[in-house]
Amino acid sequence: VTPAEAAPAPAAPESPAPPAESSQNTEGNRQLTLTSSGNITFTAKVAGESLLKKPSVKWFKGKWMDLGSKVGKHLQLHDSYDRNTKVYTFEMEIIEANMTFAGGYRCEVSTKDKFDSSNFSLTVNGKVNSFPLSFFFLTEGHDDGAEFNFSSLLKKRGEGKSESQSDVDVWDILRKAPPTEYEKIAFQYGITDLRGMLKRLKRIKKEEKKSTAFLKKLDPAYQVDKGQKIKLMVEVANPDADVKWLKNGQEIQVSGRYIFEAVGNKRILTINHCSLADDAAYECVVGDEKSFTELFVKEPPILITHPLEDQMVMVGERVEFECEVSEEGATVKWEKDGIELTREETFKYRFKKDGKKQYLIINESTKEDSGHYTVKTNGGVSVAELIVQEKKLEVYQSIADLTVKARDQAVFKCEVSDENVKGIWLKNGKEVIPDERIKISHIGRIHKLTIEDVTPEDEADYSFIPQGFAYNLSAKLQFLEPPKIHLDCLGQSPDTIVVVAGNKLRLDVPVSGDPTPTVIWQKVNKLLFESEGRVRVEMHEDHCVFIIEGAEKEDEGVYRVILKNPVGEDKADITVKVIDVPDPPEAPTISNIGEDYCTVQWQPPKYDGGQPVLGYILERKKKKSYRWMRLNFDLLKELTYEAKRMIEGVVYEMRIYAVNSIGMSRPSPASQPFMPIAPPSEPTHFTVEDVSDSTVSLKWRPPERIGAGGLDGYMVEYCKDGSTEWIPALPGLTERTSALVKDLVTGDKLYFRIKAVNLAGESAAATIKEPVTVQEILQRPKFWLPRHLRQTLVKKVGETINIVIPFQGKPRPKITWLKDGQALDSKDVGIRNSSTDTILFIRKAELHHSGAYEVTLQIENMSDKVAITIQIIDKPGPPQNIKLVDVWGFNAALEWSPPQDDGNAQILGYTVQKADKKTMEWYTVFDHYRRTNCIVSDLIMGNDYFFRIFSENLCGLSETAATTKNPAHIQKTGTTYKPPCYKEHDFSEAPKFTHPLVNRSVIAGYNTTLSCAVRGIPKPKIFWFKNKMDLSGDAKYRMFSKQGVLTLEIRKPTPFDGGIYTCKAVNECGEAEIECRLDVREIIAQGCKA
């Protein structure tokens, strides 16, 4: 190493690693290297955040040698403290190192009862390095007290990586080396079969003849590391030539480890995962020619996993050096002071192997055996020192540990057997320099160290080292320290600790004192024990902990901590204040309720939590809901708030929160439920309907605006003309829109008014402006004949007749019904009269009900009458006297006379049909034919035809038809033609809807129809259903089918008639169905209530 390189490397500052990592990164023995004459510095760093005193550090070489006694020219110890990072730094510097410094080292750190250490070894043959060692004290995360641990025990600062040996060709080295170096090379490169390699090397050196079969032969030798892959390749002259591969004369078979390849002229043998068994001679054979090579499988170097350790013995004692290597049974070389120890010296040294362990044993040591012993492998070196002492120094009295108080005197004293022996005194590994306070004396065999006026800085480990002897007499000086509480504000006003209620309060109070003081906690003269409910006290060596679990208001107060030990006493007061969120306010009150607004009022909470209330938060919800909605985002400063934008008729509840700097209180109880509503508007169209001698009939319509509060009813009042007192006309409220006021005095003039009432109160009054005189009014009788009764009323036989004729007249008139001038039979016809109309009712009409009806209205000598004509009709009878008048060519002439019974209605026409005698299938020739004769054409020659005729009126076709008795024969002319026989075509088809039913929405009371279209052969049978119920027998529904168009008529539907309607068509080929929805809605007139 050059002088520049030998200078000590500066230690870069390192921040301590987290304690959790440090306990996991602790490593075992470290192997460090250094070139002779170089300098090296070892650095140990101790995190002192949790330490009240400086820790003690010792450096050792081997198991026992304290390096504090070796401080001098070649060894220096240093220490420092960084107040910013609170890290203690301890350094050991070796200057101009030589071989004697090689070996194992140990660094120990301790404070009070805590201890840890780090081991490492040094080989003097590498670069100068500075190796930091960092120590940390763990005080967090452990409830049972702090533990003392190292973190990253040996971290090399600026560590230089040793260069790996470059790959070397052992064959080439052996070929060039003289025979005297063979054994040295074999040891260095781990060759186990040296003789075999030399034989193979001799064979390689022979000159080979030129080959005609090989363009390129194998190299004379190959080398591969154990476990790696290698390829042996030759080039042959004939690309189609077959080759054989031999290993030690035996042919190699293809396997997972041996792979043969042929690429053009190249032949390749690949050996995977080489082992020592592959170390052999290989041949490639082509015909009669061969190519030889040797493969050397190189083993990995032997490493020293556990180095030698220094030893000190007396003359004649047994010495045993032990190390551990990476391979069992490995070959190692032992040296003493650079001279190899051979097995020929078995009388002095004995070598032993036990698995991976190697031993050097000296049975009886002598003074000449002192020196440095080295064990070497091809991958490492370890050195240890042996010291053989000729005589033994006896210690009559060793120095003892001392415990002193402040300002006392401390005297360390020891006595040895030789009074001429000198020594040095060390304090924490540093030599003690005498001064005015520290005195060192040596009288005969007694050595003394006296310290006057002891201070805390004098507490340390003191050692006495006799010169010339490997002794280390050590003792500890313990300083008795008075108790001290280390609070930041100690001596000022009492500390106040603020804690939020419910949180955990933890007070870590650092304390010091030697011996460890006793800690007592009090609250307002009340002694607190270690465990008292939620309040708990924990004791540790350097601090005490005061804990309140879930702080409450009652925990407020002044807490006093008292420290006592034999030296003195200290105390401090700590004020604890518990703050919390406010108490919930009381339930808010609701007033001034309107259509969509109300006023909310509340009172402040009884307890503000120790902090002023900053404001309030208001929430509301619907009564049947669970979701509260916040009404304000900015805190409300006042105690009242007008809530708006509510829905009229919905029941709400309100609640309030109080907020301070800690947070939001629990919600207040909900307010009483309330509903934002407004009174309805006044009723409309308020009029007098009728007046008698003692009653007045009133009517009106509902208010235009009722509101969500609904309508409870109407309040009717009257007031006499000239008075201001309004008298209720009815007991309580009425829900109807008309009223009859009874028991009035004839001749009184009265004013009437009406009000609508709901939950919110009464509406404005609707008033009749002019007074009403209570007196009967004579009204002339008069019929109001409906328009449809002014014409003849036509009904079919079996239908119901219901005639309603309204009228007017006062007093109530007399009503008389006549038919054709005769009184009506009450058994056959029903008459019902009221004060406003008369009704004629016939349940089932018959033909004899036809005629002229007259109704008369009579009041005293005044009368009114109206006439109504009713015509009952039925189906006609068949035509009479049908005759086949003539037949010519393809024609036939028919005549007939009208039917005897026309069904009490005009005959509208006739339907003429024909039928071939062979099939007797009828086909319509004429429809709605009005004459009583006709000519049927386009008849087929050779066929015989029958004819029939139906008569028709408003009710439809006659039940029966008039049919010709004899057929009409159509004569053939010319050649007789025999028609071919064709197979009858099957036209049958399953029902299929060609037009669907459509969903409809109709108004109640008006007839409606549902229509669709279907086809199918034969003609399908039709069924109608409502909600899967058959409608065939219900008189409310009429069903029509015409030319495939299907119609369902619903008479005056009500909301009950709404639902799913289904039409189903069925014939012998199959069936089909279709459905639709019918909605029936009611229309309620504005301002009118039934």
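**Stop 1: the four-stranded sheet**

Select β81, β83, β86 and β87 in this predicted model. Together they make an open sheet of 4 strands, ordered β81-β83-β87-β86 and paired in the antiparallel sense. Now colour 989-995 and 1037-1042: these are β81 and β86, the strands at the edges. Each has a single partner strand, so one side of each has no neighbour in the sheet. Look along the sheet and follow its twist, which averages 25 degrees from one strand to the next.

Next, keep just the inner pair on screen, β83 (residues 1008-1017) and β87 (residues 1045-1050). They run antiparallel and are joined over 6 bridges. For a landmark, click C1012, whose bridge partner in β87 is L1046. While you have side chains displayed, remember that in a regular strand they alternate between the two faces of the sheet.

**Stop 2: the five-stranded sheet**

Now select β82, β84, β85, β88 and β89. Here 5 strands form an open sheet, in the order β82-β89-β88-β84-β85, and the pairing is mixed. Its edges are β82 (1000-1003) and β85 (1029-1030), each of which pairs on one side only.

Zoom in on β88 (residues 1059-1067) and β89 (residues 1070-1081), an antiparallel pair held over 9 bridges. To line the two strands up, label A1065 and then A1072, its bridge partner in β89.

**Stop 3: a hairpin**

Jump to residues 75-82 and 87-94, which are β5 and β6. These strands pair in the antiparallel sense over 8 bridges, and they form a hairpin with 4 residues between them. One bridge to pick out joins D82 to V87 in β6. In the turn, click K86 and check its backbone: phi is positive, about 55 degrees.

**Stop 4: S291 and its surroundings**

Select S291, found in strand β19 (residues 289-298). Is S291 buried or exposed? With a relative accessibility of 2%, S291 is buried, because the cut-off for that class is under 20%. Draw a distance from a polar atom of the S291 side chain to the backbone nitrogen of L218, and you should read 3.0 Å. L218 also belongs to the set of residues that S291 touches beyond four places in sequence, along with F214, K217, Y282, E283 and C284.

**Stop 5: K621, a buried lysine**

Move on to K621 in strand β50 (residues 615-622). At 10% relative accessibility, K621 counts as buried. What does its side chain reach? A polar atom of the K621 side chain lies 3.2 Å from the backbone oxygen of K623, and there is a separation of 3.0 Å to the backbone oxygen of S625. Show the neighbours as sticks too: leaving out residues up to four places away in sequence, K621 touches Y626, R627, W628, V651, Y652 and E653.

**Stop 6: V774 in its loop**

Select V774, in the loop between β62 (772-773) and β63 (779-783). Although V774 sits in a loop, its relative accessibility is 0% and it counts as buried. Add T695 to the selection: the two residues are 79 apart in sequence, yet their C-alpha atoms are 7.0 Å apart in space. Expand to the contacts of V774, and the list includes V691, S692, D693, S694, T695 and V696, as well as L744, V745, T746, G747, D748 and L750.

**Stop 7: rings and charges**

Show the aromatic side chains; 19 aromatic pairs are counted. One of them is F926 with Y929: the ring centres are 5.0 Å apart and the planes meet at 35 degrees, so this pair is tilted. F926 is partly exposed, at 24% relative accessibility, whereas Y929 is buried, at 18%. Add W896 and Y910, and you have a cluster linked by ring pairs with F926 and Y929.

Two charged residues round off this stop. K782 lies over the face of W784, 5.6 Å from the ring centre. R832 lies over the face of F841, at 5.9 Å from the ring centre.

**Last stop: the whole chain**

Zoom out and colour by secondary structure: the protein chain has 5 helices and 89 strands. Switch to accessibility, and 41% of the 1090 residues are buried. Finally, turn on contacts between residues at least 6 apart in sequence; 64% of these join residues at least 24 apart.

Notes:
Residues are numbered from 1 along each chain as its sequence is written. This is a predicted model: local features need pLDDT of at least 70, side-chain atom pairs count only at pLDDT 80 or more; totals for chains, interfaces and linings use all residues. Side-chain values use heavy atoms; hydrogens and water are left out. Two strands pair if DSSP finds at least two bridges between them. Axes are lines fitted to C-alpha atoms, for helices over the stretch in contact, and angles run from 0 to 180 degrees between N-to-C directions. Buried means under 20% relative accessible area, exposed over 50%, partly exposed in between (1.4 Å probe, protein chains only). A polar contact is a pair of N or O atoms within 3.5 Å; within protein, one must be able to donate a hydrogen and the other to accept it, and residues adjacent in sequence count only if both atoms are side-chain atoms. Contact means heavy atoms within 4.5 Å. Rings of Phe, Tyr and Trp (its six-membered ring) pair if their centres lie within 6.5 Å; planes under 30 degrees apart count as stacked, over 60 as edge-to-face and the rest as tilted. A charge sits over a ring if NZ of Lys or CZ of Arg is within 6 Å of the ring centre and within 35 degrees of the ring normal.
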